[in-house]
Amino acid sequence: MLTVDRSIDGPLDFIHTNIVGVATLLEVARSYWKSNIKPRFRFNHVSTDEVYGDLERGTKALFTENTAYAPSSPYAASKASSDHLVRAWHRTYGLPVVITNCSNNYGPYQFPEKLIPHMIIKAIAGEMLPVYGDGLQIRDWLHVDDHVAALRAVLLSGRDGETYNIGGLNEVTNLQVVKQLCSILGKVRPKAMGSFQEQIAFVQDRPGHDKRYAIDAGKMTSELDWAPTYNFMTGLEQTVNWYLDNQDWWRAILSGNYITERLGQA
């Protein structure tokens, strides 16, 4: 949730990490590869669907591997830059690479600032559940287990120099996600009075907030025999229960000096 917000507040940190950092990794990998050439070596660059910009709501358009880049935020632009660097190292130096662009991840162990854990934690604390704008921004949700399986397939069987889009085939608005979380919490940990949905509050939208992300994962299916296995509602219930059962993990993070208030309002 706050990754893009943080890039709006401090874009240079993302330039350093996602551009300078990736270039550094590429050079280290190239040095290793040149001195230890192995037939199964490859550099797997994990990127995001945000490099493509956004799609109009109400259409059936999908991001494909050939969609033109049109990043909206400093974060997305830095990730787009890193994708181009990886392709350049492949073409110029012959470094074996594969690139994956994935949709929104969710599941156990996700950092507490991200939308789903952020809302779970605020809900059980009785705090406001901030929804940006009208909450109708659409995201395609990918369970972390499905993402790991996809990465493994690409790493082991993908073609050098190729890009693979990984999506969960679960298009849901941000508001629907929050409402579904409230519904699940109401069943597994009901409030003494009222409902969790009463905590939802609409707040000022983020600058340049993308309308819709949706991935065509057909290349993953046709070339690598991969498809997502998680239904979003089932995966969301599992995720809610995990955060309820593992409060020591995320409370240890929140007890530190990490800033979790809203950023990115420009």
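Where is the place of Gly 126? Select Gly 126 and you land in the loop between H4 and E4. Helices (H or I, at least four residues) and strands (E, at least two) are DSSP runs, numbered from the N terminus.

Before moving on, a note on what you have open: this is a predicted model, where local features need pLDDT of at least 70 and side-chain atom pairs count only at pLDDT 80 or more, while totals for chains, interfaces and linings use all residues. Residues are numbered from 1 along each chain as its sequence is written, and side-chain values use heavy atoms, with hydrogens and water left out.

**Stop 1: Gly 126**

Stay on Gly 126, which comes just after H4 and takes a positive phi of about 80°. With 53% relative accessibility, Gly 126 counts as exposed. The cut-offs are these: buried is under 20% relative accessible area, exposed is over 50%, and partly exposed is in between (1.4 Å probe, protein chains only). Now add Phe 196 to the selection: Gly 126 and Phe 196 sit 70 residues apart in sequence, yet 8.1 Å apart in space, C-alpha to C-alpha.

**Stop 2: helix H4**

Step back to residues 115-124, helix H4, where ten of the ten residues are buried. Among them are Leu 115, Pro 117, His 118 and Lys 122. What covers these buried residues? Show strands E3 (104-106), E4 (129-132) and E5 (138-143), plus helices H6 (174-188), H8 (232-245) and H9 (247-254), which are included in the cover. Contact here means heavy atoms within 4.5 Å.

**Stop 3: the second largest pocket**

Keep H4 on screen and turn to the second largest pocket, which holds about 190 Å³ of space. Of its twelve lining residues, the closest to the centre are His 118, Ile 121, Lys 122, Glu 127 and Leu 254. A pocket, on a 1 Å grid over the protein atoms alone, is an open set of points where a 1.4 Å probe fits, with protein on both sides within 12 Å along at least five of seven lines; lining residues have an atom within 4 Å of a point. Grid points are joined across faces, edges and corners, and the volume is the space filled by probe spheres set on the points.

H4 gives the largest share of this lining, four residues, and H4 and H9 each supply at least two. Colour the lining by class and you get six nonpolar, two polar and four charged residues. Here Ala, Val, Leu, Ile, Met, Phe, Trp, Tyr, Cys and Pro count as nonpolar, Asp, Glu, Lys and Arg as charged, and the others, Gly among them, as polar.

**Stop 4: salt bridges**

How many salt bridges does a search of the whole structure find? Nine, each being a side-chain nitrogen of Lys or Arg within 4 Å of a carboxyl oxygen of Asp or Glu.

Select Glu 27 and Arg 30 for one of them, with the closest N and O atoms 2.8 Å apart. Both lie in helix H2 (residues 11-35), three residues apart, about one turn of the helix. Glu 27 is partly exposed at 34%, whereas Arg 30 is buried at 16%.

Next, pick Glu 171 and Arg 212, whose closest N and O atoms are also 2.8 Å apart in a salt bridge. Glu 171 is in strand E7 (residues 171-173) and Arg 212 in the loop between strand E8 (200-203) and helix H7 (218-224), so the pair ties together parts 41 residues apart in sequence.

Finish by selecting Arg 159, Glu 162, Lys 219 and Glu 223, joined into one network by salt bridges that share partners.
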